[in-house]
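This briefing covers the ligand surroundings and the salt bridges of one model. Please read it beside the sequence and structure shown here.

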Amino acid sequence: MVVKETDLISDGARLPVVEEFFSLQGEGYHTGKAAYFIRLGGCDIGCSWCDSRFSWNPNLHPMVETNAIIDRVIESGADSVVVTGGEPLMWGLDLLCAGLKNKNVSTFIETSGAYPLSGTWDWICLSPKKNMPPLIEICNVADELKVIIQDKSDFVWAEKYHGLIRLECRLYLQPEWSRFETIIPEIVEYIKKNAKWRISLQVHKYMHIP
Ligand code: SF4
């Protein structure tokens, strides 16, 4: 039987890999923790401030056998994987997660939540984007809500999704990097008045690591 390229893509047997690296998580609840990062290509959400535009077009990145990705994770010695993008849920991630779980590797994902969930996850970081809001099914299972703050209107957006996620979900506000100096005082004042939120800083950028 001939297996078509599209079949391989849809069942996640191969994935468009932008980059892979073993580093430290720089954002959110797991800041400071070592993890193997897998950045997948493909995103049609189009955030104006996106710092990963190079990932948008999946055709610019090689389709890599998922088993080969898993092998490299194991070789790295990492005990957890962060799958990011792009928007990683544009791809079927069941096979990737099953292979990692089979090797006792924890699975974390960073997603906008705009596409249906696939894969089995130990941690789901939901970062909702205004251009394509998240599906309610992902709000219901997110472990962490991380909202990028570019201007004051984003606090309203953050509170909207606070009202949609489950009680145990951790709450983070993260300054949009290019507006850091302007927006950080606003975030500090907001968190002082709304103590359920924590700040998330992209500390990997200060350390000059990927
Ligand atoms: Fe960029 Fe992420 Fe927005 Fe896609 S969802 S445009 S990768 S910031």
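Ala, Val, Leu, Ile, Met, Phe, Trp, Tyr, Cys and Pro count as nonpolar, Asp, Glu, Lys and Arg as charged, and the others, Gly among them, as polar. By these classes, the shell around the ligand has 6 nonpolar, 2 polar and 1 charged residues. The model is predicted: local features need pLDDT of at least 70, side-chain atom pairs count only at pLDDT 80 or more, and totals for chains, interfaces and linings use all residues. Residues are numbered from 1 along each chain as its sequence is written, and side-chain values use heavy atoms, without hydrogens and water.

**Ligand shell**
- Cys43, Ile45, Gly46, Cys47, Trp49, Cys50, Trp56, Gly86 and Lys129 surround the ligand, where a residue is near if one of its heavy atoms lies within 4 Å.

**Salt bridges**
- The count is 14 salt bridges, each a side-chain nitrogen of Lys or Arg within 4 Å of a carboxyl oxygen of Asp or Glu.
- Arginine 14 pairs with glutamate 65, with the closest N and O atoms 4.0 Å apart.
- Arginine 14 lies in strand β1 (residues 14–24) and glutamate 65 in strand β3 (residues 63–65), so this salt bridge ties together parts 51 residues apart in sequence; strands are DSSP runs (E, at least two residues) and helices are runs of H or I, at least four residues, numbered from the N terminus.
- Arginine 39 and glutamate 19 form a salt bridge at 2.7 Å, N to O.
- Arginine 39 is in strand β2 (residues 34–40) and glutamate 19 in strand β1, so the pair connects parts 20 residues apart in sequence.
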